[in-house]
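Colleague: Please take me slowly through one part of this structure, choosing a single spot and following what surrounds it. I am new to this, so full sentences would help.

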Amino acid sequence: QPTSISDENNFHDVLYEISVGGSLFDSLNIISGVTYDDRQGTLKVGSSRFDESLEGFYFQADYTPVDWLKLIGGVQLNKPEVIEVAQISPRAGAIVHFTPQIGAKLLYGEAFRSPEGSAVRLNIPAAVGNPSLKSETIVTKELQLFYSGEKYASALTLYRSDVDGTITTGTNPNAPPALTYFNGGNTEYKGIELEGKAYPNDRLEMQGSLTYQMGRDPITNVTDISISPHLMFKLGASYEWDNGITLGVFNQHVSDMVRYNPARLPNRELHPKPKSTNMLTANLSVNLNEAFDLKGINMPETTFSLYGDNLLDEDIYYATISGGAFANTFPGYSGRAVYGRLSVKF
């Protein structure tokens with residue numbers, strides 16, 4: 001759909017996709033498809049315009065030779081117009097069940113992000129595109145042990161992601177202090193995640209997760225080179241009463257940014273510094289027919305709900321990826337809000 005970001009910039013992006021999938025045999029499933037992404041845009045400042053396409057093909061199959069083993073394999077082929085060579089992204093995996101409740105997953109996958117047209121063709125005094133820009137790629141390896149029972153489920157996941165050629169910005173050496181785009185170095189991420197769910201009874205559901213991640217430059221061995229936080233903790237629960245009332249409460253804690261660089265330009269710290277935050281939400285749903293015992297008066301099913309977002313009214317700011325060339329942070333979320341809805345079914 002056409003989108004107007006401002007009076008100065010216009011973008012148009014249309015994605016076409018044809019896919020087919022199904023079971024060839026009882027133990028073999030496949031899915032395959034082709035895509036065509038047509039991207040057009042105009043940056044009226046400097047009359048910069050881009051018109052590009054991205055062609056893609058994907059195929060994936062899963063095969064279950066025995067009841068306790070599933071094998072997964074696939075490949076994705078993409079050819080952005082802005083790069084000369086097609087990008088091939090394979091994936092593979094295996095799921096093993098040691099018992100009906102206990103098992104393990106071993107997954108491997110590759111993905112990429114092609115440069116946007118503005119990053120290649122932009123031409124304004126403040127920033128210039130880079131026609132030699134390449135796609136950034138990521139390779140992820142994942143090992144998971146899991147348990148799934150009637151009342152409890154849990155999983156422990158270890159993962160490693162290697163990012164190569166991250167698209168970033170820096171000073172244009174041919175026209176300082178203007179900015180340009182370039183491919184950065186490698187970054188290695190290692191992390192561990194523990195997650196679980198519990199259903200003690202038919203009314204109560206609890207869930208939570210704990211994630212810890214570290215970033216490192218494999219060449220210089222420098223750690224904490226990413227702005228991503230180390231720790232993220234989630235915890236929530238929902239309960240349903242006999243009278244049609246359901247209450248759910250969920251909180252997400254994110255530690256502060258690992259690396260924070262204030263704006264490089266003088267007097268440009270426009271926003272507060274990023275800090276650890278707690279995003280607390282709650283949802284209350286009341287079935288009025290059941291809560292007030294209105295079933296006998298032939299009243300349509302009516303439900304009233306209240307949703308509270310960011311109930312602690314946290315100020316959430318994220319560090320800019322460019323390292324603060326123009327602003328040190330940008331707002332990441334709105335303040336406290338409460339939404340109400342009345343639903344009537346006829």
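**A close look at one strand and its surroundings**

Modeller: Of the 346 residues in the protein chain, 31% are buried, and you should keep in mind from the start that this is a predicted model. The chain contains 2 helices and 22 strands, and its accessible surface comes to about 21100 Å², of which 57% belongs to carbon and sulfur atoms. Among contacts between residues at least 6 apart in sequence, 54% join residues at least 24 apart.

The spot I would choose is Ile167, which has its place in strand β12, residues 167–171. Is Ile167 buried or exposed? Its relative accessible area is 12%, and because buried means under 20%, Ile167 counts as buried. If we set aside residues up to four places away in sequence, Ile167 touches Arg113, Ser114, Pro115, Leu133, Lys134, Glu136, Tyr181, Phe182 and Asn183. A further residue to locate is Glu116, which is 51 residues from Ile167 in sequence, while their C-alpha atoms are 9.9 Å apart in space.

One of the residues that Ile167 touches deserves a look of its own, namely Glu136, which lies in strand β10, residues 136–148. Glu136 is buried as well, since its relative accessibility is 14%. Its side chain reaches the backbone nitrogen of Ile167 at 2.7 Å, and that is a detail you can look for in the picture. Beyond its neighbours within four places in sequence, Glu136 is in contact with Ala111, Phe112 and Arg113, and also with Asp164, Gly165, Thr166 and Ile167. Arg113 thus appears in the list of contacts for Ile167 and again in the list for Glu136.

From here we can step back to the sheet that holds β12. Its 4 strands follow the order β8-β9-β13-β12, and they form an open sheet in which the pairing is mixed. What does it mean for β12 to stand at an edge? β12 and β8, residues 123–124, each have a single partner strand, so one side of each is left without a neighbour in the sheet. At the edge formed by β8, 2 bridges join it to strand β9, residues 127–128, and the two strands run antiparallel; there Asn123 stands opposite Val128 in β9.

For comparison, it is useful to see another stretch of paired strands. Strand β15, residues 204–216, is joined by 9 bridges to strand β16, residues 231–240, and these two run antiparallel, with Met206 having Ala237 in β16 as its bridge partner. On to the next pairing: 9 bridges join β16 to strand β17, residues 245–254, again in an antiparallel arrangement, and here Gly236 stands opposite Phe250 in β17. β16 and β17 form a hairpin with 4 residues between them, and in the turn Gly244 has a positive phi of about 85 degrees.

A last detail takes us back to strand β10, which holds Glu136. Elsewhere in the chain, Lys105 lies over the face of Phe146, at 6.0 Å from the ring centre. To sum up the chosen spot, Ile167 is a buried residue in strand β12, and its backbone nitrogen is reached by the side chain of Glu136.

How values were computed: Residues are numbered from 1 along each chain as its sequence is written. This is a predicted model: local features need pLDDT of at least 70, side-chain atom pairs count only at pLDDT 80 or more; totals for chains, interfaces and linings use all residues. Side-chain values use heavy atoms; hydrogens and water are left out. Two strands pair if DSSP finds at least two bridges between them. Buried means under 20% relative accessible area, exposed over 50%, partly exposed in between (1.4 Å probe, protein chains only). Contact means heavy atoms within 4.5 Å. Accessible areas come from the Shrake-Rupley method with a 1.4 Å probe; for residues, only the protein chains shown count as cover. A polar contact is a pair of N or O atoms within 3.5 Å; within protein, one must be able to donate a hydrogen and the other to accept it, and residues adjacent in sequence count only if both atoms are side-chain atoms. A charge sits over a ring if NZ of Lys or CZ of Arg is within 6 Å of the ring centre and within 35 degrees of the ring normal.
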